Amino acid sequence: MEQCLDKQKNRKRLTKGQWELLVFATFGLILLVIFSYLPMTGVLLAFRDGNKALDIVDATFGEGIWTFQNFINVLSDAKFWDVMKNTLGLNLLSLLISFPAPIIFALLLNEVRSKKAKNAFQTIATFPHFISWVIFGGIINALTDTSTGIINPILQLFGLSSPDNPVDLSLSQYFWAKMIIVSLIKNVGWGSIIYSAAIANINPSVYEAAKIDGAGRFRTAVSVTLPLILPTVTTFLLLSIGRILGNSFEQFYVFQNVANLERSEVLATFVYSQAFTYRNYSTAAAISFFEGVVSVILLTLSNKISKKLSGNSLIG
């Protein structure tokens, strides 16, 4: 009996490694609460009159009227709907072009037989992801400069530009195309990693069976590889739909200027300008809250539709 009790006590004791893991996990949880959950209390400002307030804490938690006027003002603002048009347009284009690009790249990498060549292609394609948008944006702006950049001379070779009339790629009419191309360059390699991992987990016997049936490389990729990684594709597609109103602030801010503002202003930069340029704190909070609610609704609906049509879902 005593031996059994001693064994139970020993089982309850944590080893040194487990204590270290518990301490690190606790620090991570504390940082998550401080930087992710506590700031969410600021959403209360969306229901208060905190525009131009000198004391944000008092405007959020102090005495005052609770109101939906901020949401009414936002939804009746023509500027807000112009920003929504830019946000939806860019994100839908990104979903149409940038989302399948990492999948196609992973399928192409899977067809490279040389392991060294495959690793080289993966490394080269992934490297831009680790450069911050500020630095990467500066490089792109330097390359597309009308006087010193290398892009205009390349366009001249194809008759799309001329020395006397160079194409200014910082203008609004080129902004959407520029952002899609830049996003592809920066993210296609990193995005393909998870799909490459999913492909690597496919049983080799499936490929052998396809080869015996006479399937070529293209048919194998389309009929074998792609269907087997479909659950992974579905997961990331649902997450992308849930972020349809979200953008990387740094990505747009670094390319934004007066000349392209009408096409480059998205919700992320609009919230920033409302909060820190015009000090409309409640308006900014209302826009962020609206974005969050719409994102949850889109994610829930797309998840239900996906589960009903294909049987694959993110939750539930």
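# A tour of the predicted model

Begin by selecting F47, F68, F71 and F289, which together make up one aromatic cluster. Keep in mind throughout that this is a predicted model.

**Stop 1: the two domains**

Next, colour residues 2-43 as domain 1 and residues 78-310 as domain 2. The centres of domain 1 and domain 2, taken over C-alpha atoms, are separated by 37 Å.

**Stop 2: a nonpolar patch**

Select V23, F27, L29, I30, L31 and L32, then add V33, I34, F35, Y37, L38 and M40. These residues form a nonpolar patch on the surface, and their accessible area together is about 1200 Å². For a closer look, pick F35, which sits in helix α2 (residues 16-37). Is F35 buried or exposed? F35 counts as exposed because its relative accessibility is 63% and the cut-off for that class is over 50%.

**Stop 3: the loop after α2**

Move on to K52, located in the loop between α2 and α3 (56-61). Its relative accessible area is 44%, so K52 is partly exposed. Check the backbone here: K52 is a residue other than glycine with a positive phi, near 65 degrees. Most residues other than glycine have a negative phi.

**Stop 4: a second positive phi**

Go to the loop between α16 (267-277) and α17 (281-309), and select R279. What is the phi of R279 near? The value is near 60 degrees, again positive in a residue other than glycine. With a relative accessible area of 30%, R279 is partly exposed.

**Stop 5: the salt bridges**

Side chains of opposite charge can pair when their charged atoms come close. How many salt bridges does the structure hold? There are two, and E111 is a good residue to centre on for viewing them.

Show R113 and E111 first: they form a salt bridge, and their closest N and O atoms are 3.7 Å apart. R113 is exposed, at 59% relative accessible area. E111, in contrast, counts as buried because its relative accessibility is 19%, and buried means under 20%.

Now add R217, which forms a salt bridge with E111; here the closest N and O atoms are 3.7 Å apart. This pair links distant parts of the chain, with the two positions 106 residues apart in sequence. E111 is in the loop between α6 (100-110) and α7 (115-126), whereas R217 is in helix α12 (residues 217-228). Leave E111, R113 and R217 displayed together, since salt bridges that share partners join these residues into one network.

**Stop 6: an aromatic pair**

The count of aromatic pairs comes to 16. One of them is F130 with W190, so select both rings and compare their planes: the pair is edge-to-face, because the angle between the planes is 85 degrees and edge-to-face needs over 60. The ring centres of F130 and W190 are 5.5 Å apart.

Where in the chain are the two partners? F130 is in the loop between α7 and α8 (133-143), and W190 is in helix α10 (residues 175-200). The pair therefore links distant parts of the chain, 60 residues apart. F130 counts as exposed at 57% relative accessibility, while W190 is partly exposed, with a relative accessible area of 42%.

**Stop 7: Y195 in α10**

Stay in helix α10 and select Y195. Y195 is buried, with a relative accessible area of 3%. Draw a distance from the C-alpha atom of Y195 to that of I244: the two are separated by 21 Å and are 49 residues apart along the chain.

**Stop 8: T235 in α13**

Finish at T235, found in helix α13 (residues 230-242). At 25% relative accessible area, T235 is partly exposed. Which backbone oxygen lies 3.0 Å from a polar atom of the T235 side chain? Display P231 to see it: the oxygen belongs to the backbone of that residue. Then select N303, which is 68 residues from T235 in sequence. In space, the C-alpha atoms of T235 and N303 are 9.0 Å apart.

Definitions and conventions. Residues are numbered from 1 along each chain as its sequence is written. This is a predicted model: local features need pLDDT of at least 70, side-chain atom pairs count only at pLDDT 80 or more; totals for chains, interfaces and linings use all residues. Side-chain values use heavy atoms; hydrogens and water are left out. Domain bounds come from an automatic or database domain assignment. Patches are made of residues with over 30% relative accessible area and no salt bridge: like charges are joined within 9 Å, nonpolar side chains (Val, Leu, Ile, Met, Phe, Trp, Tyr) within 5 Å. Accessible areas come from the Shrake-Rupley method with a 1.4 Å probe; for residues, only the protein chains shown count as cover. A salt bridge is a side-chain nitrogen of Lys or Arg within 4 Å of a carboxyl oxygen of Asp or Glu. Helices (H or I, at least four residues) and strands (E, at least two) are DSSP runs, numbered from the N terminus. Buried means under 20% relative accessible area, exposed over 50%, partly exposed in between (1.4 Å probe, protein chains only). A polar contact is a pair of N or O atoms within 3.5 Å; within protein, one must be able to donate a hydrogen and the other to accept it, and residues adjacent in sequence count only if both atoms are side-chain atoms. Rings of Phe, Tyr and Trp (its six-membered ring) pair if their centres lie within 6.5 Å; planes under 30 degrees apart count as stacked, over 60 as edge-to-face and the rest as tilted.
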